[in-house]
Amino acid sequence: MTNRIRDFLRTRQPASPCLVVDLDVVRANFNAFRAFLPDSDVFYAVKANPAPEVLSMLSALGSNFDCASVREIEMALDTGADAERISFGNTIKKEADIARAHALGVSLFAVDCVEEVEKVARAAPAARVFCRILTDGKGAEWPLSRKFGCVPEMAVRVLATAHELGLRAAGVSFHVGSQMTDADAWDSAIGEAKRIFDAMSEEGVQLDLLNLGGGFPTRYLRDVPSTEEYGNRIMAALRRHFGNMIPRTIIEPGRGMVGNSGIIRSEVVLVSKKSDDDAFRWVFLDIGKFGGLAETMDEAIRYPIRTARDGDDIGECVLAGPTCDSADVMYERNMYPLPLSLRVGDEVLIEGTGAYTTTYSAVAFNGFEPLRTYVI
Ligand SMILES: *Cc1c(COP(=O)(O)O)cnc(C)c1O
């Protein structure tokens, strides 16, 4: 909790639930990526938090943008950023959206199969494409599974096809998995990328871009390595695999850029038990999976929670949201320790919620309005 957020909550008393984002924290995160990965261009993953104030500040600081849709591209352009600073990083795009992005001036596209390359070649002739490869996601608390990317052998064919179809085969990308707590996770993917660079070189195509993706973590309940540590390990891996022929690299931080910049103010709606002899309580908040805390799915992300009664005796509870969907339970398998004195109406602060909250909140499930954001 920053002093600015504390002051804002005290003086403004915003209605609950809401997210408060401190731009000073986002700026510090951006500067840390700049400092510790000085040779990599930052492409902020817009989906993590597309608040106009966040995008504008990052744009002014010189950030580029990783966008997944035409709307995200428009939001990035609205900050005054040139289209050259935007990458259409989604591997799954409608051809009409590729054409629209092309018309807006975007010239860098992600692909992971020949079928997508064919779409880009038709809708954005002569554009630059990079091919995403699969990673195993080991060590990530929010792994991205097998949905995106292809095996390295296929990437060579995808990039060769791009070249044949008149596109610029630019390079390789990967994403090690979100909330990656192992700073060495980039090493093997960088090694795979080097083999693809070599194979393409044998075919007479020189790749010049390596997209290192996102995955940089934010601190929830457990410490995570520093940005400096990630920078050191990634630069060592680049040197190990590419020697003195390191290509242009880009990073696409989302969570690591905004996660720790935000706090959700929430309120206890109900504390109850299901039978008189139950050992534990159910605590219902005015926010849950459908109000913005979707990353509690499978209890993947475990947020730090603060109350004014911290220090009182604690007991485990099931923590649930306010909607009429039985899936709207955040922590049940691993119950959450909260003060036994917690009462209806108490304020509850959920930390580390600057990323992947507002964008995940439903527009009106049960009539609850989307998560309101205050950017300070
Ligand atoms: C979501 C996403 C990111 C950001 O991931 P984080 O783990 O939040 O840093 C980066 N690149 C791509 C292509 C993404 O889809």
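**Exercise 1. Is R306 buried or partly exposed, and what is its relative accessibility?**

Solution. Keep in mind that this is a predicted model. Start with the cut-offs: buried means under 20% relative accessible area, exposed means over 50%, and partly exposed lies in between. R306 has 35% relative accessibility, so it counts as partly exposed.

Next, look for a partner. The side chain of R306 meets that of E351 in a salt bridge, with 2.8 Å from N to O. This pair links distant parts of the chain: R306 sits in strand β14 (residues 305–307) and E351 in strand β17 (residues 347–351), 45 residues apart.

Finally, classify the partner. E351 has a relative accessible area of 15%, so it is buried.

**Exercise 2. Work out where R309 and its salt-bridge partner D346 lie, and how each is classed by accessibility.**

Solution. Begin with the distance: the closest N and O atoms of R309 and D346 are 2.6 Å apart. Then place the residues. R309 belongs to the loop between β14 and β15 (314–320), while D346 belongs to the loop between β16 (329–339) and β17. The two are 37 residues apart, and the pair links distant parts of the chain.

Now apply the cut-offs. R309, at 27% relative accessibility, counts as partly exposed, whereas D346, at 15%, counts as buried. As an extra step, you can trace a network: R4, D22, D24 and R27 are joined by salt bridges that share partners.

**Exercise 3. Describe the salt bridge between K119 and E116 in terms of sequence and burial.**

Solution. First, the geometry: the two side chains meet at 2.9 Å, N to O. Second, the location: both residues lie in helix α6 (residues 114–123), 3 residues apart, which is about one turn of the helix. Third, the surroundings: K119 has 21% relative accessibility and counts as partly exposed, while E116, at 4%, counts as buried.

To put this pair in context, a search of the whole structure finds 23 salt bridges.

**Exercise 4. Explain why E72 has no salt bridge.**

Solution. Here is the general idea to hold on to: side chains of opposite charge can pair when their charged atoms come close. Locate the residue next: E72 is in helix α4 (residues 70–78). E72 is buried, and the nearest side chain of opposite charge, K47, is 7.3 Å away. A salt bridge needs a side-chain nitrogen of Lys or Arg within 4 Å of a carboxyl oxygen, so the cut-off is not met.

Then list the contacts. Leaving aside neighbours within four places in sequence, E72 is in contact with V46, K47, D66 and C67.

**Exercise 5. Build an overall picture of the fold from its global values.**

Solution. Count the elements: the protein has 10 helices and 18 strands. Check the dimensions: the C-alpha atoms fill a box of roughly 75 × 40 × 35 Å along the principal axes. For 376 residues, a compact globule would have a radius of gyration near 21 Å, and the 22 Å of the protein agrees with this.

Move on to burial and contacts. Of the 376 residues, 54% count as buried. Among contacts between residues at least 6 apart in sequence, 71% join residues at least 24 apart.

Finish with the surface and the charges. The protein exposes about 16,300 Å², with carbon and sulfur atoms supplying 50% of it. There are 41 positive and 53 negative charges, and their mean positions are 2 Å apart.

Technical notes:
Residues are numbered from 1 along each chain as its sequence is written. This is a predicted model: local features need pLDDT of at least 70, side-chain atom pairs count only at pLDDT 80 or more; totals for chains, interfaces and linings use all residues. Side-chain values use heavy atoms; hydrogens and water are left out. Helices (H or I, at least four residues) and strands (E, at least two) are DSSP runs, numbered from the N terminus. The radius of gyration is taken over C-alpha atoms; the globule rule is 2.2 Å times the number of residues to the power 0.38. Buried means under 20% relative accessible area, exposed over 50%, partly exposed in between (1.4 Å probe, protein chains only). Contact means heavy atoms within 4.5 Å. Accessible areas come from the Shrake-Rupley method with a 1.4 Å probe; for residues, only the protein chains shown count as cover. Lys and Arg count as positive and Asp and Glu as negative; His and the chain ends are not counted. The place of a charge is taken as NZ of Lys, CZ of Arg, CG of Asp or CD of Glu.
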